[in-house]
Amino acid sequence: MSRKGWIVWGAILGAALALAWTRPATEAPADESFVARIELNGPIGPAAAEYVDNAIQRATNDGAKAIVLQMDTPGGLLESMRGIIADILAAKIPVLGYVAPSGARAASAGTYILYACPIAAMAPATHLGAATPVELGGRSPMPSPLNDSAPSSGKSSDKAGSNSEDDAESHKILNDAIATIRSLAQMHGRNAAWAEQAVRGAATLTATEAVSQHVVDFIALDSEALLAQADGRTVHVNGGAMTLSLRGLPVRDYPPDWRAHFLGIITNPTIAYILLLAGIYGLILEAFHPGSFYPGVTGGICLLIGLYALQLLPVNYAGLALMALGVALLLAEVFIPTAGVLGVGGVIAFVLGSIMLFHAGVPGYAVNLGVIAGIAFCAMAILAMLLRLVMRARRARAFNSEEKMLQNTGELLQPVAADGEGWARIDGERWRVHSDVPLPAGARVRVIGRQGLLLQVAALGTGKGESS
């Protein structure tokens, strides 16, 4: 690697280390009481779960009196949601769930998290609900009305029997979700019946409706109003009762640290997908151009980061296998020309695998279709260009070969006697030539045969003396 390359990589490593050691300055003076605020925006995944866990620990260690968990989320992954709920229930200080700002939502996993908070509040023009769990295959485990009726024929009975295992698994997921949210509702004295309906029937509520049905405690315009209305309430925190005294306390933000930012970026399905592709094609370029280093090093780093992101995400391994098959078919087209059959099949397999790679049923976890379409278009364009080059190569005249030599013409540099030899200029080079008939100097001749470095020629425009 060149000196300039080492300098660039050194600068990148130095910047990464600097970010690693930099932490947000959120510590408050020892004699000042404050409330910490954690903003949970976007899909709930591994990065969000780690951020909430770290922020709760930091706020507790810094002496915060309470934590405001401000949410605006469409939902997310089940395991990440359970991790956040466990952190809230284990917190030594009260966590105030707050759906804000206006227009925000706490859908799906966000509803469970809001129910887990000792205090639940919403800003005006917000909503929550639609907490039906989604299987990793993308299907909601909701009991179908058609399954409630008796089968009308043997065929229907067979179909019901074949789906019994899937139905049992769906009921397990659904009942577990209902039990989870009902236990949270009972813990904090909230509406357990509506909580079950939010899971079983994907019910939703506006902020006003949520207050009237005792799903949340109150509506608050902002964080200050939230603390004022929560002041004086008694809540259960970490197995004990606590009376809140929060009115007028300052609010300090606890933003994500560098690691949470990094995880949030790479666990974005579209970013993870692009990293995976960059890694694969970087290694392929390095294989075709060994010694260039940059494609191989960059591709290796991207591939490892992409694989790390994939193991944190709800990946469909059938989609991953289709993508691998597509890449293999495209490479096979390069080495085994099949007039585009393998290449087109590879592109189709790659596109289908890309669409299937992440489970679209999980809110916020799907690859942008525009990115997939753009990559598919580029792959087709490259394939078409390669096929065009192959066809041109097949139709092109041969170079430095026997066939090309037999098509060349030239001029004698000296007279040649019958069955004699002489010199001629052919294709800009001096060649020793042999002719069966006498030819004068300057005569135009064409090559009709070759024996090593001796060319057999005949007068241009005649077939006399042609031999191979």
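1. The protein chain holds 16 helices and 16 strands. Bear in mind that this is a predicted model. Of the 468 residues in the protein chain, 40% are buried. As for contacts with a separation of 6 or more, 64% of them link residues 24 or more positions apart.

2. Start with the nonpolar cores. The largest one has 56 residues, and the members that touch the most others are Leu-40, Leu-69, Ile-113 and Leu-128. Helix α2 (residues 46-61) supplies the largest share of this core, with seven residues. There is also a second, separate core of 24 residues, with Leu-263, Leu-277, Ala-309 and Val-315 among its members. As general background, nonpolar side chains in soluble globular proteins tend to be buried together.

3. Leu-128 deserves a click in the viewer. Skipping neighbours within four places in sequence, its contacts include Ala-106, Thr-111, Leu-114, Met-122 and Trp-194. Further along the chain, Leu-128 also meets Ala-203, Thr-204, Leu-205, Ala-210 and Val-215.

4. Next, a helix pair. Packed helices are generally described by the angle between their axes and the distance between the axes. Here the axes of helix α10 (residues 258-266) and helix α12 (residues 294-310) come within 9 Å and cross at roughly 90°. The range for roughly perpendicular is 65 to 115 degrees, so α10 counts as roughly perpendicular to α12. On the α10 side the contact involves Arg-259, Phe-262, Leu-263 and Ile-266, and on the α12 side Ile-305, Tyr-308 and Ala-309. Sorted by class, that contact has six nonpolar residues, one charged and no polar ones. Leu-263 and Ala-309, both in this contact, also belong to the second core.

5. Staying with α12, look at Val-297, which lies in that helix. Is Val-297 buried or exposed? Neither, quite: Val-297 has a relative accessible area of 34%, so it is partly exposed. Its C-alpha is 7.9 Å from that of Gly-282, and the two residues are 15 apart in sequence.

6. Now a charged residue, Arg-37, in strand β1 (residues 35-41). The cut-off for buried is under 20% relative accessible area; Arg-37 comes in at 18%, so it counts as buried. What does Arg-37 touch, leaving out residues up to four places away in sequence? The list is Val-68, Gln-70, Ser-223, Val-251, Arg-252, Asp-253 and Tyr-254.

7. The hairpin made by β9 and β10 has two residues between its strands, and Asn-238 in the turn has a positive phi of about 55°. Strand β9 (residues 234-237) and strand β10 (residues 240-243) pair antiparallel over four bridges. Within that pairing, Val-235 sits opposite Met-242 in β10. In a regular strand, side chains alternate between the two faces of the sheet. In β9, the covered face carries Val-235 and Val-237, while Thr-234 and His-236 are on the uncovered one.

8. Last, the barrel. Five strands close it in the order β12-β13-β14-β16-β15, with mixed pairing. On average, neighbouring strands of this sheet are turned by 55° against each other, direction ignored. Strand β12 (residues 409-412) and strand β13 (residues 420-426) run antiparallel and are joined by three bridges. For a specific pair to check, the bridge partner of Glu-411 is Arg-425 in β13.

Note on methods:
Residues are numbered from 1 along each chain as its sequence is written. This is a predicted model: local features need pLDDT of at least 70, side-chain atom pairs count only at pLDDT 80 or more; totals for chains, interfaces and linings use all residues. Side-chain values use heavy atoms; hydrogens and water are left out. Two strands pair if DSSP finds at least two bridges between them. Axes are lines fitted to C-alpha atoms, for helices over the stretch in contact, and angles run from 0 to 180 degrees between N-to-C directions. Angles under 35 degrees count as roughly parallel, over 145 as roughly antiparallel, 65 to 115 as roughly perpendicular and the rest as oblique. Contact means heavy atoms within 4.5 Å. Ala, Val, Leu, Ile, Met, Phe, Trp, Tyr, Cys and Pro count as nonpolar, Asp, Glu, Lys and Arg as charged, and the others, Gly among them, as polar. Buried means under 20% relative accessible area, exposed over 50%, partly exposed in between (1.4 Å probe, protein chains only). A nonpolar core is a set of buried Ala, Val, Leu, Ile, Met, Phe, Trp, Tyr and Cys residues joined through side-chain atoms within 4.5 Å.
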